[in-house]
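Me: Please take a close look at one helix and the loop that comes after. I would like the packing described residue by residue.

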Amino acid sequence: MRQTLVLNASYEPLSTVSLRRAVVLVMQRKALVEHAHPGLRVRAAAVDMPVPQVIRLRRFVKVPFRQRAPWSRRGVLVRDRHRCAYCGRRATTIDHVVPRSQGGGDTWLNTVAACAEDNHRKANRTPAQAGMRMLAPPFEPTPADALLLAVGAQDGDALPDWLAVTGAGALPEAASA
Ligand SMILES: [Zn+2]
């Protein structure tokens with residue numbers, strides 16, 4: 001997987017992110033391209049730009065990924081890439097795996113992104129009680145998730161998971177997060 005190095009505004013290296021997420025940060029004007037692969041370009045529906053090897057944040061951020069990122073609803077949607085944990089379609093709501101009415105809390109491991117339909121169907125039940133299966137269990141945010149949250153970037157709903165990389169000698173390459 002092609003990774004891009006992220007520098008803070010102060011040039012301090014922070015993390016690596018997937019190419020897809022690097023493109024999101026640049027497109028949303030959260031970061032500048034410092035170095036690009038010569039001759040290679042990223043192409044997708046609304047994107048045509050050099051393939052970034054190194055990007056630098058426009059504003060200095062205190063990045064929380066040495067500690068645990070604080071839980072938030074937006075954070076859960078970013079972590080889960082706005083995909084429903086039950087059906088994989090676009091998610092706009094947060095589901096408590098163990099409902100709050102049964103003692104479940106606002107934690108990373110007890111919340112998932114869910115589409116409104118599945119959230120409504122599951123109601124105040126656990127997945128087992130509702131006869132529903134999660135596609136993957138919830139997890140603590142990765143450093144790349146924490147970085148997106150820290151800089152306030154949206155996770156690029158408009159971008160495909162796979163970005164085409166074109167240019168001399170380019171091989172089709174994955175850019176998953
Ligand atoms: Zn769903």
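Reply: Here is helix α1, then the loop behind it, then the chain as a whole.

This is a predicted model, so local features need pLDDT of at least 70, side-chain atom pairs count only at pLDDT 80 or more, and totals for chains, interfaces and linings use all residues. Residues are numbered from 1 along each chain as its sequence is written.

Helix α1 spans residues 19-27, and eight of its nine residues are buried. Buried means 20 or more other C-beta atoms within 10 Å of the residue's own, with C-beta atoms placed from the backbone. Helices (H or I, at least four residues) and strands (E, at least two) are DSSP runs, numbered from the N terminus. The buried set is Leu19, Arg20, Arg21, Ala22, Val23, Val24, Leu25 and Val26. These residues pack against β1 (3-7), β2 (13-18), β3 (31-44), β4 (47-57) and α5 (143-151).

Next comes the loop. Arg29 follows α1 and has a positive phi, near 60 degrees. Lys30 sits in the loop between α1 and β3. Lys30 counts as buried because 21 other C-beta atoms lie within 10 Å. Leaving out residues up to four places away in sequence, Lys30 touches Leu25, Leu57, Arg58, Val151 and Ala153. Contact here means C-beta atoms, placed from the backbone, within 7 Å. Lys30 and Arg58 are 28 residues apart in sequence, yet 5.7 Å apart in space, C-alpha to C-alpha.

Now the wider setting. The chain has five helices and seven strands. Their order along the sequence is β-β-α-β-β-α-β-β-α-α-α-β. Of its 177 residues, 31% count as buried.

Notes:
Buried ≥ 20, exposed ≤ 12 C-beta atoms within 10 Å, placed from the backbone. Contact = placed C-beta atoms within 7 Å.
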